[in-house]
Amino acid sequence: MNVWPATLPQYVDRPSYQSGTGDGRLRSPTETGIPKVRRRFSAVTRPLSVKMYLTAAQLDIFKAFYFTTLGEGSLPFQFPSSEGGDPLICQIGQNTPTWVPQGVEWIVTMDLVILP
């Protein structure tokens, strides 16, 4: 299992941290009344959006991790939990990471999915 590099921040920007629940339900319409809802999956992914501030050297480490270690984001990895506890098993989500300069730092934004 790939592991988030120790040379990168082990925390995320708290105000930008956004997580939630996955939807494992199946909704079926009915002719009248409310739709039927049942559990479709017992294990669903959960979304996680994070932002980090990196130095130029850390950005190089991040790019190597993303492009090489994760095969351009196709492989899962352990990511430090901002909610405490064990590391999360994550994968890059629908949107690939972006980075923009801000002063001498770089802001990296990632959409992740937490795997069950």
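Of the 116 residues in the protein chain, 28% are buried, a word that here means under 20% relative accessible area, with exposed meaning over 50% and partly exposed anything in between, judged with a 1.4 Å probe and protein chains only. The model is a predicted one, in which local features need a pLDDT of at least 70 and side-chain atom pairs count only at pLDDT 80 or more, while totals for chains, interfaces and linings use all residues. Residues are numbered from 1 along each chain as its sequence is written, and side-chain values use heavy atoms, with hydrogens and water left out.

The predictor's confidence in each residue, called pLDDT and running from 0 to 100, averages 90 over the protein chain, and 99% of the residues score at least 70. Among the elements, helix α1 (residues 56–69) has the highest mean value, 97, and strand β2 (residues 18–19) the lowest, 72.

The protein chain contains one helix and nine strands, where helices (H or I, at least four residues) and strands (E, at least two) are DSSP runs numbered from the N terminus. Followed along the sequence, these elements give the pattern β-β-β-β-β-α-β-β-β-β. The C-alpha trace spans about 60 × 30 × 25 Å along its principal axes, and the radius of gyration is 17 Å, whereas a compact globule of 116 residues would have one near 13 Å; this radius is taken over C-alpha atoms, and the globule rule is 2.2 Å times the number of residues to the power 0.38. Of the contacts (heavy atoms within 4.5 Å) between residues at least 6 apart in sequence, 64% join residues at least 24 apart.

In soluble globular proteins, nonpolar side chains tend to be buried together. Here the largest nonpolar core, meaning a set of buried Ala, Val, Leu, Ile, Met, Phe, Trp, Tyr and Cys residues joined through side-chain atoms within 4.5 Å, has 22 residues, and those with the most contacts inside it are Trp4, Leu48, Phe62, Phe77, Phe79, Met110 and Leu112. Two or more residues of this core come from each of β5 (46–54), α1, β6 (77–79), β7 (88–92) and β9 (105–114). Leaving aside neighbours within four places in sequence, Phe79 is in contact with residues including Trp4, Leu48, Met110 and Leu112.

The structure also holds nine aromatic pairs; rings of Phe, Tyr and Trp (its six-membered ring) pair if their centres lie within 6.5 Å, and planes under 30 degrees apart count as stacked, over 60 as edge-to-face and the rest as tilted. Phe77 and Phe79, both buried, form an edge-to-face pair with 6.1 Å between centres and 90 degrees between the planes. Ring pairs link these two with Trp4, Phe62, Phe65, Tyr66, Phe67 and Trp99 into a cluster.

Three further residues can be followed one by one, each with neighbours up to four places away in sequence left out of its contacts. Gly24, in the loop between β2 and β3 (25–28), counts as buried because its relative accessibility is 10%, and Gly24 touches Arg38, Arg39, Arg40, Phe41 and Val44. Gln58 lies in helix α1 and is likewise buried, since its relative accessible area is 18%; Gln58 touches Thr7, Leu8, Pro9 and Tyr53. Ser81, in the loop between β6 and β7, has 19% relative accessibility and therefore counts as buried, and its contacts are Asp86, Pro87 and Leu88.
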